[in-house]
Amino acid sequence: MLKLNSSEKKTLLLLVIAGFLNGFVISTFQIQDVIAKKALHSLNWQITVLVMLWPISNIFSIWWGKILEHSRSISKYFVLTAIIGRLVLIFMFFVNNYYQYLGILIILFSFNALISPAQNSIYQLKFTNKNRGMIFGFVVSITTLVSIITSYAIGKILDVDENLYKYIFMIIGVLGCVSALIMAMIKIDKKDNYNSKKLTLNEMIFEPIKRGIEVLRKNRDFAIFQRNFFIYGSAFMLLLPAIPIYLVESLGMSYTQTFIAKAIVASLGILFLSPFAGKIHDKKNPAFFTTITFAILSLYPLILFISCKMLGSLYVNYIVYFAFFIYGIAMSAMVISWNISSIYFAGSEDVSMYQSVHVTLTGLRGLVMPFLGYLILKYFGIDVVFVVAFMIFLLSSFLSYRLYLQIDKK
């Protein structure tokens, strides 16, 4: 059992409520590409652009991180996210084509890049090392449970009338706004680990880049960890345009079937294993943790490759579901590592910039890898995309193990 003081208990309660409501928002991240493909009849290259939004928008995180480093309080940034980054979904009511849909999602994802570094500050300053991972995993499980139920319900609704996605997004925008406002109620005081110097406009534009490079140069282990994460993420993003195209075009899945695969089966591992994975993360070196995670994740594209060779079989959908189940097991650990491993490397420093560097690197690989995945799919076939991703996942696991051995010797 967790032993929490009164401040930790209050923070946990607010995080649970915010996480519950954020589950509705997360469901949109899981299904927005399928809606674009089926309801808006988007072309394959348009789907590729759409799935690039999340990683590319993460580039902004390094600027958010610099702002947070110079802010003693982070509550106002959650309010900003609530009003602009979440309520923007209300405008889905007026969407009639792909480009309007894309514009709204650009705003949603751009402000989402603020959430991770701001959230890390809460976990760094509000919880002890021995509780942090397990608490994060517990909140993730709640968020995931809501996302699973919501995604299934949305799938059923859209199979009846796919134009109802507009109203669904509007409702989720309001719930997401409330979620961010609840996060704003968590008061933190950075005291000694923040920079009180006011930023000029020039510093706000260029200093984050310099500061990010400084972090990577100063902390070699963190830099190598990020390199390995970059390699893993390259494989992950190669798959992004391939998945909705494979499910909708190759397998001919309905809304319900695609959401069962992408948002339900893929989330079962996160739902049930995240607290356990968080507990392990609290005790293990992050490099060892990702070694195992990347290795398990490599099975995901491998099983999808096998399913490609069984198209037309009565069992192909079940093989695909199994691939997403393995993906969910790996992601139960990946969600923990992606969100809070930076705290390990930051030590006593403000984690905001460390996490922002991590998130921004996600954006940099997102500039290239989804488009590369689309080109491989177009000219060599979707099965080749799965094979290439499999090999890259294995490479990232091997390199993570080498980093673990280096850190373990110190």
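Let's start with Lys37, which is buried, with a relative accessible area of 12%. Keep in mind that we are looking at a predicted model. Why does 12% count as buried? Because the cut-off for that word is under 20% relative accessible area, and Lys37 comes in at 12%.

Now, what does Lys37 pair with? Its partner is Glu249, in a salt bridge whose closest N and O atoms are 2.9 Å apart. If salt bridges are new to you, here is the idea: side chains of opposite charge can pair when their charged atoms come close. This pair links distant parts of the chain, with Lys37 in helix 1 and Glu249 in helix 11, which covers residues 242-250. The two residues are 212 residues apart. And the partner sits in another kind of setting: Glu249 is partly exposed, at 46% relative accessibility.

How many salt bridges are there? The count comes to four. Let me show you another one, between Asp33 and Lys262, where the N to O distance is 3.5 Å. Asp33 belongs to helix 1, residues 6-38, while Lys262 belongs to helix 12, residues 255-283. That is again a link between distant parts of the chain, 229 residues apart. Are these two buried or exposed? Both Asp33 and Lys262 are buried.

One more salt bridge, please turn to Glu349. It pairs with Lys218, and the closest N and O atoms are 2.9 Å apart. Glu349 lies in the loop between helix 15 (316-346) and helix 16 (351-366), and Lys218 lies in helix 9 (residues 201-218), so the pair ties together parts that are 131 residues apart in sequence. Glu349 is partly exposed at 25% relative accessible area, and Lys218 is partly exposed too, at 47%.

Let's go back to the start of the chain for a moment. Lys38 lies over the face of Tyr255, at 5.1 Å from the ring centre. A little further on comes His41, in the loop between helix 1 and helix 2 (44-51). What is unusual to spot here is the backbone: His41 has a positive phi of about 55 degrees although it is not a glycine. His41 is exposed, with a relative accessible area of 61%.

Next, the rings. A pair of aromatic rings is described by the distance of the centres and the angle of the planes. This structure holds 31 aromatic pairs. One of them is Tyr165 with Phe169, an edge-to-face pair with 6.3 Å centre to centre and 85 degrees between the planes. Where do these two sit? Both are in helix 8 (residues 165-184), four residues apart, about one turn of the helix. That spacing is worth remembering: an α-helix has 3.6 residues a turn, so residues three or four places apart point the same way. Tyr165 and Phe169 are both buried.

Compare that with Phe288 and Tyr404. Their ring centres are 5.0 Å apart and their planes stand at 50 degrees, so this pair is tilted. Here the link is between distant parts of the chain: Phe288 is in helix 13 (residues 286-297) and Tyr404 in helix 18 (residues 382-408), 116 residues apart. Phe288 is partly exposed, with a relative accessible area of 27%.

Now for helix 4, residues 61-69. Eight of its nine residues are buried, so helix 4 is largely enclosed by the rest of the structure. Among the buried ones are Ser61, Ile62, Trp64 and Lys66. Which residue touches Ser61 and Ile62? That would be Thr360, which also touches Asn58 and Ile59. Thr360 lies in helix 16 and counts as buried, at 9% relative accessibility.

Let's finish on the surface. Nine names make up a nonpolar patch there: Ile90, Phe91, Phe93, Phe94, Ile157, Leu164, Tyr167, Val174 and Val178. Together they have about 780 Å² of accessible area. Which helix gives the largest share of the patch? Helix 8 does, with three residues. Ile90, for its part, lies in the loop between helix 5 (75-86) and helix 6 (98-126), and is partly exposed at 33% relative accessibility.

Note on methods
Residues are numbered from 1 along each chain as its sequence is written. This is a predicted model: local features need pLDDT of at least 70, side-chain atom pairs count only at pLDDT 80 or more; totals for chains, interfaces and linings use all residues. Side-chain values use heavy atoms; hydrogens and water are left out. Rings of Phe, Tyr and Trp (its six-membered ring) pair if their centres lie within 6.5 Å; planes under 30 degrees apart count as stacked, over 60 as edge-to-face and the rest as tilted. Buried means under 20% relative accessible area, exposed over 50%, partly exposed in between (1.4 Å probe, protein chains only). A charge sits over a ring if NZ of Lys or CZ of Arg is within 6 Å of the ring centre and within 35 degrees of the ring normal. Patches are made of residues with over 30% relative accessible area and no salt bridge: like charges are joined within 9 Å, nonpolar side chains (Val, Leu, Ile, Met, Phe, Trp, Tyr) within 5 Å. Accessible areas come from the Shrake-Rupley method with a 1.4 Å probe; for residues, only the protein chains shown count as cover. A salt bridge is a side-chain nitrogen of Lys or Arg within 4 Å of a carboxyl oxygen of Asp or Glu. Contact means heavy atoms within 4.5 Å.
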